[in-house]
Amino acid sequence: MQDDEGVTALVSLAATADREAHTRTVRARYLIGCDGPRSSVRKALNIRYDGVAGEKREFMGGQMDAVYFYAPTLYSVTQRAPAWQYWTFSPTQRALLIAIDGHGHFIMNIQLRDGEAANPAAIRDRIVTAIGADIPFEIKSNSSWTAGYALVAERFSAGRVFLAGDAAHLFTPTGGLGYNTGIEDAANLAWKLEALVKGHAGSALADSYHAERHPAALRNTEFARKFADSIGHIQPPAETFIDGAQGDAMREAVGQYLAFHAYHEFVIPGVHLGTRYEQSPLVRAEAGPSTPDSANLYQASARPGHRAPHGWLQDGSSLYDKFGQGFTLLCLNRDNTGAVALIDMRELLPNLTLVHIREDAISDLYQADFALIRPDQHVAWRVYGFTDQYVSTMGGVGERVGILD
């Protein structure tokens, strides 16, 4: 329940060795639902997931069985260099082995077919089939889960309540994007909550969380879905499983595709660094085409909404280390134009840090004389030259943020 002053939540606490199960009422100014895909917070707000659920594939689509086991001799049996992941194929099953510690602990994900069970005998048979040899191993645990999800909540906030992590978006784990998208949620929301709690901001700042993170979640679930299609729709020809030269050639071809897939799923700087908020109400949008939004290519850009480009300074230090904890105004012009007026700009945004950089490489990187960097290291605004427009546009950003309420 929420009102104009805050949120009231009834919290249920499970029994522990020191206390009985009980409930208690918590009162706070804001509430963040980080309570997973079955989020009670999302359900209480009557917010639905939109997207694709339970998409079927030969792998990473439908019911999966995850097994945690210990097999200290697995590396020596494979007679190959130790690896982080192994994809294994047989005529009857497909498996993904993931190394946990490099010392014999693994997780194995198996696609369950209709009618297949996850009983101990079946699990042991699947491990033997995946490894290709009957070697000693110890099953630590196993659980079933469902792949094939690409779901995003229709809203990420309602008044004083926000959703983050799996409560806001649910992924098939290809690319590891569920965890990474959740971290970005937190980075986006943290500085906004600080401003709200300290009374520096108004409802416009709170509303910007959905405006920025909802499109980002749609983008990332689509990337993850494409990665799942890439590995999930492989159908090795029957020749893959025969002995002899023909089988060797086919296995080599399948291996080449897997290497191709691995690069495109895991070497993804464009996904992690290329999130942009160009349509956000908190940035001063620029005309013209944006940089490509590609999974495997990150092209740094100082367009408002993009992650602030990083650069190394002439003294060997990092540009990012010059940024403040709040907003940062990068002053990149080579003279002192407007230096006195800049002091007054600190009243526009709380904890504004002024950073003067007189290096051509950084000016060229930002293609601007001044750039306003948000606390989450995204560019809010940039301009050429110090003019009256500079003052008014920076104030405009502050008003949209809600800080000048």
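**Exercise 1. Decide whether N220 is buried or exposed in this predicted model, then find what surrounds it.**

*Solution.* Start with the accessible area: N220 has a relative accessible area of 3%. Buried means under 20%, so N220 is buried. Next, place the residue: N220 sits in helix α5. Finally, look for its partners, skipping neighbours within four places in sequence: N220 touches F171, L177, T181, E184 and V271.

**Exercise 2. Work out how helix α5 runs relative to helix α6, and which residues meet.**

*Solution.* First, find the two helices: α5 covers residues 203-232 and α6 covers residues 245-266. Their axes come within 10 Å and cross at roughly 170°. Angles over 145 degrees count as roughly antiparallel, and therefore α5 is roughly antiparallel to α6. Now list the residues in contact: from α5 come F227, S230 and I231, and from α6 come Y257, L258, H261, H264 and E265. Sorted by character, the residues of this contact are four nonpolar, three polar and one charged.

**Exercise 3. Describe the span of α6 and find where its buried residues lie.**

*Solution.* Begin with length: α6 has 22 residues and spans 31 Å from first C-alpha to last, close to the 32 Å expected at 1.5 Å a residue. Then pick out the buried residues of α6, which are G247, V254, L258, H261 and E265. Viewed down the axis of α6, these buried residues fall within an arc of 60°, so they line one face of the helix. A general rule helps here: an α-helix has 3.6 residues a turn, so residues three or four places apart point the same way. To finish, ask what that face meets: the buried residues of α6 pack against β6 (85-89) and α5.

Conventions. Residues numbered from 1 in each chain as written. Predicted model: local features only at pLDDT ≥ 70, side-chain atom pairs only at ≥ 80, totals over all residues. Heavy atoms only, no water. Axes fitted to C-alpha atoms, helices over the stretch in contact; angles between N-to-C directions. Helix = DSSP H or I, 4+ residues; strand = E, 2+ residues; numbered from the N terminus. Parallel < 35°, antiparallel > 145°, perpendicular 65-115°, else oblique. Contact = heavy atoms within 4.5 Å. Nonpolar A, V, L, I, M, F, W, Y, C, P; charged D, E, K, R; others polar. Expected span 1.5 Å × (residues − 1). Buried < 20%, exposed > 50% of the residue type's maximum accessible area, 1.4 Å probe, protein only. Arc of directions from axis to C-beta.
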